[in-house]
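Subject: Structure handover

Hello,

Here is the structure I said I would pass on. My notes on what was found in it come after it.

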Amino acid sequence: MEKENRNALFETTPVPKAFLTLALPVVMSKIVSMIYNMVDIYFIGRTGNANLVAGVSICAPVFLLMVSLGDLFGLGGSSVMSRLFGQKKDEEGKRVSSFTFYSAIATGIFITVIMLVFKTPILHMLGAEGEVFSYAGEYYTWIALGAPFIILTLIPANQLRTEGLANIAMIGSIVGSVVNMILDPVFIFGLGMGAGGAAIATVLGNIVTDILFVVCIRKKSRKLSVDFKMAKVDLAVIGAVFAIGLPSSLNNLMNSFGTALLNRSLASYGADKVAAMGIASKVNMLVAMIMIAFAFGAQALIGYNYGAGNKARLREILKFDLLVQMIIALAGGALLMIFAPSMIRLFMDDAVIVEAGTLILRRMLLGLPFVGIFLVCSTLFMSAGKSLPTLIMSLSRQGIVFAAALFVLSLTLGYTGVITAQPVADMLSALLAVVLLRVSKIEI
């Protein structure tokens with residue numbers, strides 16, 4: 001009976017209710033994660049040290065790299081699994097879940113070794129110089145050691161939703177974030193560990209989340225597995241996971257690349273500009289992460305109905321998804337536009353950083369409606385197993401399109417061009433998404 005109820009959520013429950021049932025837990029976990037990010041940068045900002053804030057901001061691409069590798073297996077696996085569950089191939093889906101779980105652990109160990117061996121050149125490549133280098137190094141080392149735990153978190157967080165267990169994914173993520181927030185002031189101020197303390201708190205929060213996810217999968221799930229004996233899958237399945245997971249991973253790698261490129265472009269204008277960008281980016285994510293959560297919260301629903309061939313329901317899901325994205329982008333963006341100075345000041349009460357951060361934030365917010373269009377199209381391509389459009393999308397917004405916009409605008413407009421590149425890239429990427437949707441011939 002429980003299994004039938006879970007299938008009904010994907011097959012017969014009214015679209016708004018099914019969409020919100022799956023997406024809202026993701027949104028709640030993202031909100032808590034955002035609060036953690038806000039608290040994290042708040043405590044770091046309370047040190048009053050712009051070099052420390054810049055050092056942590058410079059390491060953002062490192063964390064994004066780990067997220068991208070988690071998405072390689074988490075989003076790639078969940079895309080394959082949701083279609084398999086829609087085709088009633090539950091045993092095959094269970095094997096995919098086990099394979100991706102252990103693949104993530106092995107990948108994390110490999111990344112830890114590589115990052116520690118090449119620590120100095122990587123930090124220089126990210127733009128860490130002078131006093132900023134030492135603070136960045138403290139944060140980097142602990143994040144590198146935590147790579148297996150950070151990467152692993154993304155696997156069950158994505159895959160639990162394919163079984164309709166979005167609430168469990170939410171609880172695990174929230175508990176980890178709360179642990180992180182509690183430990184932040186303890187390590188940063190109580191133990192005087194500064195940037196390194198913030199990183200340790202992040203790693204420990206992810207460890208707690210991993211433990212909770214494993215316990216819940218073993219006790220609650222009927223379609224997922226952490227049994228190593230179930231991890232054997234054929235090459236065709238591995239190829240299907242990577243066909244979607246690799247572009248999804250590249251999307252976050254491009255985010256990492258874009259952030260590093262932006263920080264390097266800003267470095268010549270001073271550490272205060274890098275710090276302002278770091279704070280503005282965190283505030284912008286208050287709205288952007290909610291949009292992302294709704295988009296990817298619907299991924300299992302889209303993939304299941306695509307796999308089941310239910311075109312009418314799929315169209316209804318996509319229309320509702322786009323409506324939700326536009327409402328959040330316009331309403332949330334307007335609020336942050338109005339309260340931009342207060343939001344920046346909340347994290348660092350420095351006149352120069354508040355002024356720079358306010359301008360940067362308001363420029364970023366202009367791109368949010370285009371981000372919504374981009375997210376709906378990206379989720380559809382991913383859920384439908386369309387690897388080429390997914391790959392192109394992954395390389396565009398924070399990669400090729402952003403790099404081109406940053407290069408042209410920085411040359412022509414200087415600092416103003418640097419901080420305008422993101423919304424321009426958002427607009428161009430949304431146009432690209434619409435074109436790909438028309439030529440990809442997805443049957444909806």
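A residue is called buried when its relative accessible area is under 20%, and exposed when that area is over 50%; anything in between is partly exposed. Please keep in mind throughout that this is a predicted model.

The cut-off can be put to use at once on T209, which sits in helix α10, residues 194-220. Its relative accessible area is 4%, so T209 is buried. Neighbours within four places in sequence aside, the contacts of T209 are T153, G172, S173 and G176.

Overall picture

The protein has 19 helices and 0 strands. Along the principal axes, its C-alpha atoms fill a box of roughly 60 × 45 × 35 Å. How does the radius of gyration fit a compact globule? For 444 residues such a globule would have a value near 22 Å, and the protein has 21 Å, which agrees.

Of the 444 residues, 57% are buried. The exposed surface comes to about 17500 Å², with carbon and sulfur atoms supplying 69% of that area. Among contacts between residues at least 6 apart in sequence, 83% join residues at least 24 apart. On the charge side there are 33 positive and 24 negative charges, and the mean positions of the two groups lie 7 Å apart.

Two short helices

Which residues of α15 are buried? In this helix, residues 340-347, they are A340, M343, I344 and F347. These four span an arc of only 95° around the axis, which places them on the same side of α15.

Helix α6 covers residues 119-126, and its buried residues are I122, L123 and L126. Their arc around the axis is only 100°, so they too lie on the same side of their helix, α6. Just after α6 comes G127, with a positive phi of about 105°.

Single residues

L336 belongs to helix α14, which runs over residues 311-338. Is L336 buried or exposed? Its relative accessibility is 8%, so L336 counts as buried. Residues up to four places away in sequence aside, L336 touches V283, L286, V287, M343, L361 and L365. One of these, M343, is also among the buried residues of α15. Measuring from C-alpha to C-alpha in the model, L336 and P16 are 27 Å apart in space, with their positions 320 residues apart in sequence.

T107 is in helix α5, residues 90-117. With a relative accessible area of 19%, T107 is buried; the limit is under 20%. Neighbours within four places in sequence aside, T107 is in contact with L69 and F73.

A240 is located in helix α11, residues 235-267. Its relative accessibility is 25%, so A240 counts as partly exposed. A240 and S387 are 147 residues apart in sequence, while their C-alpha atoms are 9.0 Å apart in space.

If you want a place to begin, take T209 with its contacts T153, G172, S173 and G176, and then L336 with its contacts, including V283 and L365.

Regards

Definitions and conventions. Residues numbered from 1 in each chain as written. Predicted model: local features only at pLDDT ≥ 70, side-chain atom pairs only at ≥ 80, totals over all residues. Heavy atoms only, no water. Buried < 20%, exposed > 50% of the residue type's maximum accessible area, 1.4 Å probe, protein only. Helix = DSSP H or I, 4+ residues; strand = E, 2+ residues; numbered from the N terminus. Arc of directions from axis to C-beta. Rg over C-alpha atoms; globule rule 2.2 N^0.38 Å. Contact = heavy atoms within 4.5 Å. Areas by Shrake-Rupley, 256 points an atom, 1.4 Å probe, with all protein chains shown as cover. Lys, Arg positive; Asp, Glu negative; His and termini not counted. Charge placed at Lys NZ, Arg CZ, Asp CG, Glu CD.
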